[in-house]
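Load the model in your viewer and keep the sequence panel open. The tour below goes from one selection to the next.

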Amino acid sequence: MSEEEQAQASVAMFHALSKLLVLGMPTICAINGHAYGAGFYLALCHDYRVMRSDKGWVCIPAANLGITLPPSLIELARAKLPGTVLREVLLEGRRYTGAEAAAAGLVDISVSNTELGVVARKIALEKGANSSKSGGAVLSTFKQRVYRTPHQLLTGDTQPIDVSRTNTTTRNKANL
């Protein structure tokens with residue numbers, strides 16, 4: 001991928017994440033396998049996260065790979081992750097199973113594969129019914145205020161994720 005293509009892909013990802021983060025309806029992410037890096041950031045932009053207990057990990061391995069993350073992604077993680085877990089996720093690149101992710105507060109609940117869709121749908125129906133009373137514009141405004149810093153940074157971020165400093169030795173040794 002050329003530097004220009006990388007920049008375009010990064011900007012498109014930041015734009016999508018910023019829109020999802022403040023969407024005027026409750027959003028539910030059903031994680032049915034691995035959610036690494038950008039996949040986990042996509043999950044974090046949802047209001048509720050349900051993950052399989054029997055398969056998959058969530059992880060942001062940037063530090064282990066020598067990848068420098070932009071402030072927008074750091075602030076998104078800071079806004080969505082509990083304090084000590086933030087250190088494990090960003091600085092240590094720890095990967096979590098579904099059960100570990102639920103215990104750490106990275107996902108709301110961990111369930112079996114057969115329950116994943118059912119539970120996600122139940123949450124969507126419940127939260128959607130509650131939010132329809134106030135309307136999408138009100139919910140979007142609240143989300144914009146709650147997630148002000150990451151939303152503003154994601155909206156204005158035009159710098160690609162810097163993988164140029166990636167150390168291939170580190171990348172090859174990373175426990176992925």
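Which residue lies over the face of W57? Select W57 and look above the ring: R95 is there, at 3.8 Å from the ring centre. Bear in mind throughout that this is a predicted model. While the rings are on display, note that the structure holds 0 aromatic pairs.

**The whole chain**

Zoom out and colour by secondary structure. The chain has 10 helices and 6 strands. Of its 176 residues, 40% are buried. Among contacts with a separation of 6 or more, 72% are between residues 24 or more positions apart.

**The sheet with W57**

Go back to W57 and show the strand around it. Strand β4 covers residues 57-59 and pairs with β5 in the antiparallel sense, over 2 bridges. Select T97 next: this residue of β5 is the bridge partner of W57. Now add β2 to the selection. The three strands form an open sheet in the order β2-β4-β5, and the pairing is mixed. β2 (35-36) and β5 (96-97) are the edge strands; each has a single partner strand, so one side of each has no neighbour in the sheet.

**The parallel sheet**

Hide that sheet and select β1, β3 and β6. These 3 strands make an open sheet, ordered β1-β3-β6, with parallel pairing. The edges are β1 (28-31) and β6 (109-111), each with a single partner strand, so one side of each is left without a neighbour in the sheet. From one strand to the next the twist averages 20°.

Follow the pairing across the sheet. β1 and β3, the latter at residues 48-52, are joined in the parallel sense by 4 bridges. Label I28 and find Y48, its bridge partner in β3. Further on, I31 stands opposite M51 in β3. On the β6 side, β3 and β6 pair in the parallel sense over 3 bridges, and R52 stands opposite V111 in β6.

Is β3 enclosed or open to the outside? Of its 5 residues, 4 are buried, so β3 is largely enclosed by the rest of the structure.

**H46, ahead of β3**

Step back in sequence to H46, in the loop between α2 (38-44) and β3. H46 has a relative accessible area of 11%; because buried means under 20%, H46 counts as buried. Which residues does H46 touch, leaving aside those up to four places away in sequence? Select L20, T27, I28, C29 and K80 to see these contacts. I28 is already labelled as the bridge partner of Y48.

**Helix α8**

Last, select residues 136-146, which form helix α8, and show side chains. The buried residues of this helix are L139, S140 and K143. They cover an arc of only 100° around the axis, which puts them on the same side of α8. An α-helix has 3.6 residues a turn, so residues three or four places apart point the same way. Rotate to the face turned away from the buried side, where the exposed residues A137, F142 and R145 are carried.

V138 is also in helix α8. This residue has 37% relative accessibility, so V138 counts as partly exposed. Draw a C-alpha to C-alpha distance from V138 to G24: the two are 7.3 Å apart in space, although 114 residues apart in sequence.

Key. Residues numbered from 1 in each chain as written. Predicted model: local features only at pLDDT ≥ 70, side-chain atom pairs only at ≥ 80, totals over all residues. Heavy atoms only, no water. Pairing = 2+ DSSP bridges. Axes fitted to C-alpha atoms, helices over the stretch in contact; angles between N-to-C directions. Buried < 20%, exposed > 50% of the residue type's maximum accessible area, 1.4 Å probe, protein only. Arc of directions from axis to C-beta. Contact = heavy atoms within 4.5 Å. Phe/Tyr/Trp six-rings, centres within 6.5 Å; stacked < 30°, edge-to-face > 60°. Lys NZ or Arg CZ within 6 Å of the ring centre and 35° of its normal.
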